[in-house]
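Me: I would like a close look at a single part of this model, with the cut-offs behind each term spelled out. Please set that part against the whole chain as well.

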Amino acid sequence: MELELAGADLAAVLNRLRRAQGQISGVIRMIEEGRDCEDVVTQLSAASRALDRAGFAIIATGLQQCVADIDSGRGGGEDPHAVRTRLEKLFLSLA
């Protein structure tokens, strides 16, 4: 199953990833500057949440496409149970 992100979905995922990238750069800078541990952890937590949200958005798009493919009979010959199992593993990898 190929993931196709377009339009608003693509923009939302890219914005979240760019936000995480900026936050990770901020964490690196904070560590290099010897900033307070609490501030570093707070920034790292924000970066982690941004990455999680991007991952969940990608998985949600994949689920939506998968359901649409199954409903239209375009499952690509793959067993729906196998697709569900793969998507479930992806989802749990972010949990």
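Reply: What follows looks at F91 and its surroundings, then at the protein as a whole and its salt bridge.

This is a predicted model, in which local features need pLDDT of at least 70 and side-chain atom pairs count only at pLDDT 80 or more, while totals for chains, interfaces and linings use all residues. Residues are numbered from 1 along each chain as its sequence is written, and side-chain values use heavy atoms, with hydrogens and water left out.

F91 sits in helix α3, which spans residues 80-94 (helices are DSSP runs of H or I with at least four residues, strands are runs of E with at least two, and both are numbered from the N terminus). With a relative accessibility of 41%, F91 counts as partly exposed, a class lying between buried, under 20% relative accessible area, and exposed, over 50%, with a 1.4 Å probe and protein chains only. Once neighbours within four places in sequence are set aside, F91 is in contact with F56 and I59, where contact means heavy atoms within 4.5 Å. G55 is 36 residues from F91 in sequence, yet their C-alpha atoms are 8.4 Å apart.

As for the whole, the protein has 3 helices and 0 strands, and 21% of its 95 residues are buried. Of the contacts between residues at least 6 apart in sequence, 69% join residues at least 24 apart.

The structure holds 1 salt bridge (a side-chain nitrogen of Lys or Arg within 4 Å of a carboxyl oxygen of Asp or Glu): E33 pairs with R35, their closest N and O atoms being 3.9 Å apart. E33 is exposed at 52% relative accessibility, and R35 is partly exposed at 43%.
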